[in-house]
Amino acid sequence: MKPSREDEAAPAGGPWEECFEAAVQLALRAGQIIRKALSEEKHVSTKTSAADLVTETDHLVEDLIISELQKQFPSHRFIAEEAAAAGAKCVLTSSPTWIVDPIDGTCNFVHRFPTVAVSIGFAVNQELEFGVIYHCTEERLYTGRRGRGAFCNGQRLRVSRETDLSKALVLTEIGPKRDPATLKLFLSNMERLLHAKAHGVRVIGSSTLALCHLASGAADAYYQFGLHCWDLAAATVIIREAGGIVMDTSGWESGKMDSRPKFMLSSCITLKKSLHFRWPLVKCVTWDLTSPNPGLL
């Protein structure tokens, strides 16, 4: 199923229409590059851990997206995963800001596992305006615009209405940290879900695509500790426009981007109340956009 212009089925116009169009076209271009590179040899490096991978294609795609957007919108600001990993400051101001993950699912990409995506979010006055996520191998274009709905290749998205955790399919990700405390926390929460008799728990290796599955109603809830802003920006708009919720460890929700922890997305309020996890006592779920390297601290 290939991207359709019906993804823009919401009424045309709006102050950020040109930006949205640019994001869609760049996501499609980036997807072509990633599809081609998926089967080729790769030069792989590590960042924060042996499981936190980056390739030359990550850098190539990020540079393409940012350079093209800078030409069209020279006054805009940027937050991007690989630039942040290289030490670029990531401060979210009221200025129009692009939040980019060039390849979400880099470990999958390295191993030629086809669950990989490009993610482009856009915020103004610290409020998310739209998100574009492109599943590169399946050619699925997910879009969401504030107040105008969420779509996949022209089909409107709606989250599931499941309210019973024992009938829910829950998605999560492990993340790159492998220290004993993080592993213990991850496994204990997995155990709690299984004891609650959830239908299943899935890990697919791409948080943005997991969230797109949530928006489409193919899964009922998602949680993860230590998500970075580029993991969440585009997906948050899509989830909300599909009728879902985004919340932190206290159950707090907000329409604005900020430094409060963001860790879980759930399809409905009732199911949200059924999800009780153990919180770490250290600062390991903080998403701080004033930090030089926002996300897991």
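**Entry 1: a surface patch**

I looked up L187 in this predicted model. Is L187 buried or exposed? Its relative accessible area is 54%, so L187 is exposed, since the cut-off is over 50%. I then found where L187 sits: in helix α5, residues 180-195. Next I asked which residues form a nonpolar patch with L187 on the surface. They are I174, L183 and V203. Together the four have about 310 Å² of accessible area.

**Entry 2: salt bridges**

I noted the general idea before searching. Side chains of opposite charge can pair when their charged atoms come close. How many salt bridges does a search of the whole structure find? I got twelve.

I picked E68 and R29 to begin with. They form a salt bridge, and their closest N and O atoms are 3.9 Å apart. E68 lies in helix α2 (residues 56-72) and R29 in helix α1 (residues 17-38), so this pair ties together parts that are 39 residues apart in sequence. I also checked the cover on R29. R29 has 39% relative accessibility and counts as partly exposed.

Then I turned to K47 and E82. Their side chains meet in a salt bridge, at 3.1 Å from N to O. This pair links distant parts of the chain, 35 residues apart. K47 is in the loop between β1 (44-46) and β2 (53-55), while E82 is in helix α3 (residues 81-85). Is E82 buried or exposed? E82 has 4% relative accessibility, so it counts as buried, the limit being under 20%. K47, at 26%, counts as partly exposed.

I looked up R140 and E138 as well. Their side chains meet in a salt bridge at 3.0 Å, N to O. R140 is partly exposed at 28% relative accessibility. E138 is partly exposed too, with a relative accessible area of 41%. I also found a network: salt bridges that share partners join E17, R145 and R148.

**Entry 3: a pocket**

I wrote down why a probe helps here. Rolling a probe the size of a water molecule over the atoms shows where empty space is left.

I chose the second largest pocket. About 150 Å³ of space lies in it. Which elements give two or more residues to its lining? They are α1 and β6 (127-135). The lining has eleven residues, and G14, P15, W16, E129 and R148 lie nearest the centre of the pocket. I sorted the lining by type: four residues are nonpolar, two are polar and five are charged. I recognised R148 from the salt-bridge network with E17 and R145.

How values were computed: Residues numbered from 1 in each chain as written. Predicted model: local features only at pLDDT ≥ 70, side-chain atom pairs only at ≥ 80, totals over all residues. Heavy atoms only, no water. Helix = DSSP H or I, 4+ residues; strand = E, 2+ residues; numbered from the N terminus. Buried < 20%, exposed > 50% of the residue type's maximum accessible area, 1.4 Å probe, protein only. Patch = residues over 30% accessible without salt bridge, like charges linked within 9 Å, V, L, I, M, F, W, Y side chains within 5 Å. Areas by Shrake-Rupley, 256 points an atom, 1.4 Å probe, with all protein chains shown as cover. 1 Å grid on protein atoms, 1.4 Å probe; cavity = no way out; pocket = protein on both sides within 12 Å on 5 of 7 lines; lining within 4 Å. Points joined across faces, edges and corners; volume = space filled by probe spheres on them. Nonpolar A, V, L, I, M, F, W, Y, C, P; charged D, E, K, R; others polar.
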